[in-house]
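Work through the exercises below with the sequence and the 3D structure at hand. Each task is followed by a solution in steps.

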Amino acid sequence: MTSAPAPADALPAAVRRSALRHLTRTELTLFLRERARPIAAVGVPMALLVVFGEVPFYNQPKANFGGQTLLEVYVPILIALAVGMLSLNILPPVLAGYRERGVLRRLRTTPAGPARVLAAQLIVDAAVEAVTVLLLLAVARLALHVSLPRQPAGLALAAALAALALIAMGLLVAACVPRTRRARNCCARCAPRPPASRCWLRRWPPG
Amino acid sequence: MPAVIDVQRLHKRYGRTVAVDEVSFTVHEGEIFGILGPNGAGKTTTVECVEGLRAADRGRISVLGLDPRRDRAELTERLGVQLQDGQLPAQLRVEEALELYSSFYRAPADWRALLETLGIAGQARTRFDRLSGGQKQRLSIALALVGGPQVAVLDELTTGLDPQARRDTWELIEQVRSRGVTIVLVTHFMEEAERLCDRIALIDSGRVVAIGTPAALTERVPSAQRIQFRPSVPFDDRLLADLPEVTAVTRKGELVVVTGTGNALNAVVSVLARNHVIAEHLRLEQASLEDAFVALTGNRSRDAAATARPGSAPGPDLRPEPNQE
């Protein structure tokens, strides 16, 4: 997505901040109000974690995992799934929909401009991804006795980089695909699908 | 009156198609200026250049003394835009949308008062996708006005509205104008232009065909008047046919039908009065803006009209030289 060459620089900084703050709050409200989105972004990884956490087979230490249980290996996979779900399954259709419905064009006629709604969207996505990852770790630790990562900083960095990469892909799709529905299909195809969640993702084109 | 919008020799092409060709017009402060033309005439492209959403290939545009492309930040503060088919996120509530959009501007209007004025205060908590067509249109106008603009561009405002909603919207536009906002109204509805606009630019195939008040445009169509009456006593047709304003006198049974230009009605009535003939059941049909539109927008519409009424004689060619105005 290309943004107009900094048209808003003449705006007082306070107005600019307030516009971004309002947009971010609005995007968060819309995210929560559209129930399929929080369910897909937070609910699905969480449900998978709880379901597989209850399966005894997943809780036995495996020699070929260096003594770790299958569940302990599965938690990072779920983190990737959660990040991918939001970045690839939810973000592109929302942005493509904004373009299709003329939301971005309307914003272009205001001092706020369309770049700011993209920024707001990314802030909300990053925040939801962070919350999801923390929730997954907390539930895994507290309810399912999975040990916490030994290198929290490393995990944070890896998750952040994964989120960046996947959001970038999602934005590319949103920028190239002309229609909401196609954005949805396109992403449902390339979204990460760990074996156990394949059936979920096929049926879950949320957003 | 100072010019609020000044467009000179605007030219825009998409590939090999010329969408806008040498369009020039000026909008004065406080007026409702109509841009009228058939679908695909280049109306929307013209106003998109004015709004700064499109770059013109050639020509000069000044809006409130600003360049729409270079001075975007300042322009968006002072120019309110209602886009054709501009929607909002489906789940966004009316009040949220207005609060959000008012946060974009330096000196926003009071959006609550705007809701009242536009008659959608009752829908403040309704989600966008639950609004009726008329309510969406009102919200769209509200969003165009929430920044407290000096100029508002409204594109195809009443398309898809039912007649009542359309009339309500017209009243609204007049209210907005009375608050000192200059309005550019893009439309293909004759009735809308005739009713609302102080001046109209008639655009066809990317060119300005005529500019003027609705009345002035209508007057440009000769044979504009058709007077029909039943004379109280017989009289000689030549009494009327000899008048310079009268072009034809025909009889349909008891009825006399006089066609004429300009002040034909005055002339006819005074001649009849002098000869002690009373015109009963007097009816006057004047050329409407629609007639002017058909006459001025050239071949396509005229051919269509001629095919529709094969019996009627082809009208005079009224198309002026394109650069006449």
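S205(B) sits in the loop between β8 (199-204) and β9 (207-212) of chain B; strands (E, at least two residues) and helices (H or I, at least four) are DSSP runs, numbered from the N terminus. The model is predicted, so local features need pLDDT of at least 70 and side-chain atom pairs count only at pLDDT 80 or more, while totals for chains, interfaces and linings use all residues. Residues are numbered from 1 along each chain as its sequence is written, and chains are lettered from A and ligands numbered from 1 in the order in which they are written.

**Exercise 1.** Describe the backbone and the surroundings of S205(B), and the strands on either side of its loop.

Step 1. Phi of S205(B) is positive, about 45°, although the residue is not a glycine.
Step 2. Within 10 Å there are 19 other C-beta atoms, so S205(B) is partly exposed. The cut-offs are 20 or more such atoms for buried and 12 or fewer for exposed, with partly exposed in between; C-beta atoms are placed from the backbone.
Step 3. β8(B) and β9(B) run antiparallel and are joined by five bridges. Across them, D204(B) has R207(B) in β9(B) as its bridge partner.

**Exercise 2.** Place these strands in their sheet, and find the helix that lies across it.

Step 1. The open sheet has six strands in the order β5-β6-β7-β3-β8-β9 (chain B), with mixed pairing. Two strands pair if DSSP finds at least two bridges between them.
Step 2. β5 (79-82) and β9 of chain B are the edge strands, each pairing on one side only.
Step 3. From one strand to the next, the twist averages 15°.
Step 4. Helix α1 (residues 43-51) of chain B lies across β3 (32-36), β5, β6 (151-155), β7 (182-187) and β8, at about 150° to β6(B). Axes are lines fitted to C-alpha atoms, for helices over the stretch in contact, and angles run from 0 to 180 degrees between N-to-C directions.

**Exercise 3.** Which parts of chain B supply the side that touches chain A?

Step 1. Contact joins 24 residues of chain B and 25 residues of chain A; it requires C-beta atoms, placed from the backbone, within 7 Å.
Step 2. α2 (72-78) and α3 (94-102) of chain B each supply at least two residues of this side. α2(B) gives the most, with five residues.

Note on methods
Contact = placed C-beta atoms within 7 Å.
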